[in-house]
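Student: I should like to learn how to read the features of a protein model. Could we work through one together?

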Amino acid sequence: DPPVALETAGWALIAIIALLFWRMIQLRSYDQLPGPVTITPNTTKSPHDGDPSTIDIQKATLRASVLRNLSEPGAIPGSSAIEPVTDLLEIPGISDTWYSVIIAALKSIVRTPRGSEITFDVVPSEEPGGPWTVLVRVSGAGASSEIDVGTQTGPNGIEACRAAGFWAAAVVLARSTRIASWARWDKDTSQALARFDDPARQATADLECAVAQAPSSGVLLQKLAFNYAIDGRAMDAISASARAVAAHPRYSIARYRLAVGLNMLTEHTESWNDSSLADRRRIAEQIRRAAKAMGVSDSTLSRLDSLIGGPRTGDPADDPATVFGKVADAMFVRIKQTMTWPVIITRALRRSERDVWWPPGIKKFGRDSLLHYARWTAKSLRLINNPNGREMRRVEKRAAKSWSWYQLSYNLACMSSRKGDPDTALTWLETSLERPGSWQMSDRWIDADSDLEPIRQTVRYRWLHRQLHPEQGEE
């Protein structure tokens with residue numbers, strides 16, 4: 001072979017150094033992701049359990065608990081999501097050439113395993129009917145360092161594996177900087193995560209226990225607020241949503257639900273008036289903290305003091321319906337303002353919220369984009385409490401389009417119902433069934449929505465209710 005030119009070797013060295021530097025940045029960034037994970041079980045069958053499929057069930061239970069929250073490695077066998085396809089480096093006939101060393105260096109760089117490895121051992125009960133224990137370890141993939149180790153127990157092997165799976169998932173999630181603040185979990189709140197993710201334990205009492213274990217979790221608070229609203233506990237729903245907004249001011253779902261909850265109080269202030277003085281004072285302060293976190297002005301919030309207690313002044317501005325309506329309207333304005341492109345782009349720069357504002361698999365631009373849905377939903381929300389002829393015509397024109405989001409038609413139905421126009425309200429409510437996103441509608445929710453109370457006894461409403469809950473049949 002001809003001798004290697006100094007210039008060629010120099011450029012090859014520079015290329016390797018640049019690749020190593022880029023790989024270092026890539027790995028540092030990748031260590032902040034919540035995955036991927038590889039799961040290695042090492043279960044032991046109990047002498048008191050004669051079912052040969054028990055071990056497989058335990059493995060599957062722990063695996064399902066982890067993968068409900070984290071992702072597995074990439075589709076290429078033996079690779080992780082960060083590793084590119086390296087088969088192209090397997091070029092035949094290069095093993096005896098001078099650049100085989102370079103190829104080997106490149107392969108060692110790009111094939112560095114990343115992510116987390118979860119291993120666990122199931123320790124059966126010493127006596128029949130006793131508690132089972134699972135020892136679970138979380139380590140960095142390709143490294144000897146152990147991230148954390150813990151034990152979880154359960155009345156049987158399956159329940160213990162389930163608890164261990166959520167504990168391991170919480171450990172990995174807590175290390176990631178790519179999780180929005182309202183969705184963060186750690187190992188101390190892993191049982192709350194298990195309650196939140198278990199479809200069989202979504203009752204209000206279970207969620208209250210979960211919130212007690214993770215009091216500042218935004219997703220738990222908002223899930224609990226939704227259950228309260230369905231159960232007719234309007235003040236508790238507002239309290240939970242306000243807590244979520246105060247703790248996580250950029251949590252868009254909580255802000256939306258808080259504004260809607262306050263707007264509902266404008267027509268049904270008896271929930272507020274029937275509350276004790278201590279509850280009114282507490283909830284008013286929670287609303288104030290949440291609204292200030294959203295950017296609502298102090299002048300708008302100053303009227304909240306008149307709602308806490310004491311004799312009424314007779315000023316219509318101090319009426320609870322008026323006060324809640326003004327606060328809700330101010331929140332709708334703030335929600336609408338946060339749906340502008342400059343704000344969206346600014347928030348997309350936050351690594352922890354990038355997937356929230358630019359979610360994969362959802363169209364980013366145009367009439368079908370998430371931003372378009374959110375902006376027009378905010379516009380339609382304002383009409384419920386603050387009808388505006390020009391804006392209403394714009395929203396109605398948009399809602400008449402077959403591709404419009406179902407929420408526009410639903411909000412127009414609520415507005416028409418409050419105005420005493422049942423035929424128009426029912427028409428818009430039926431239209432919402434024919435729009436994209438209508439699968440989100442729930443018979444339990446429309447039954448709990450106080451805006452629809454004037455039309456609830458009509459034949460057309462009962463027909464629509466059966467479309468969402470067909471097993472009820474005819475009354």
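Tutor: The discussion below takes up salt bridges, a charged residue without one, aromatic pairs and a surface patch. Please keep in mind that this is a predicted model.

Student: Let us begin with charge. How many salt bridges does the structure hold?

Tutor: A salt bridge is recognised when a side-chain nitrogen of Lys or Arg lies within 4 Å of a carboxyl oxygen of Asp or Glu. The structure holds 17 of them. One of these joins R233 and D236, with 2.9 Å from N to O. R233 has a relative accessibility of 33%, so it counts as partly exposed. D236, at 27%, is partly exposed as well.

Student: Which parts of the chain does the salt bridge between E353 and R250 link?

Tutor: In that pair, the closest N and O atoms are 2.6 Å apart. The two residues belong to distant parts of the chain, 103 residues apart: E353 sits in the loop between α15 and α16, and R250 in the loop between α8 and α9.

Student: Is E353 buried or exposed?

Tutor: The reasoning needs a cut-off: buried means under 20% relative accessible area, and exposed means over 50%. E353 has 0% relative accessibility and therefore counts as buried. Its partner R250 has 28%, so R250 is partly exposed.

Student: Which residues do salt bridges with shared partners join into one network?

Tutor: D121, R137 and E146 are joined in this way. Within the network, E146 forms a salt bridge with R137, and their closest N and O atoms are 3.6 Å apart. E146 counts as partly exposed because its relative accessibility is 45%; R137 is partly exposed too, at 30%.

Student: Where is R255, and what is the nearest side chain of opposite charge to this residue?

Tutor: R255 is placed in helix α9. This residue is buried yet has no salt bridge. The nearest side chain of opposite charge is that of E353, 9.3 Å away. Leaving aside residues up to four places away in sequence, R255 touches V245, P249, M294, R334, I335, T338 and R347.

Student: I should now like to turn to the rings. How many aromatic pairs does the structure hold?

Tutor: It holds five aromatic pairs. To describe such a pair, one reads the angle between the ring planes: under 30 degrees counts as stacked, over 60 as edge-to-face, and the rest as tilted. The rings of W185 and F196 have centres 6.2 Å apart and planes at 35°, so this pair is tilted. W185 lies in the loop between α4 and α5, while F196 lies in helix α5, so the pair ties together parts that are eleven residues apart in sequence. W185 counts as buried because its relative accessibility is 6%, and F196, at 25%, is partly exposed.

Student: What is the arrangement of W272 and F324?

Tutor: Their pair is edge-to-face, with 80° between the planes and 5.2 Å from centre to centre. W272 lies in helix α10 and F324 in helix α14, so the pair ties together parts that are 52 residues apart in sequence. Both residues are buried.

Student: Finally, which residues make the nonpolar surface patch?

Tutor: The patch is made by F21, W22, M24 and I25, and its area is about 440 Å². Let us take M24 as an example. M24 is found in helix α1, which covers residues 6-30. With a relative accessibility of 45%, M24 counts as partly exposed.

Conventions:
Residues numbered from 1 in each chain as written. Predicted model: local features only at pLDDT ≥ 70, side-chain atom pairs only at ≥ 80, totals over all residues. Heavy atoms only, no water. Patch = residues over 30% accessible without salt bridge, like charges linked within 9 Å, V, L, I, M, F, W, Y side chains within 5 Å. Areas by Shrake-Rupley, 256 points an atom, 1.4 Å probe, with all protein chains shown as cover. Helix = DSSP H or I, 4+ residues; strand = E, 2+ residues; numbered from the N terminus. Buried < 20%, exposed > 50% of the residue type's maximum accessible area, 1.4 Å probe, protein only. Lys, Arg positive; Asp, Glu negative; His and termini not counted. Contact = heavy atoms within 4.5 Å. Phe/Tyr/Trp six-rings, centres within 6.5 Å; stacked < 30°, edge-to-face > 60°.
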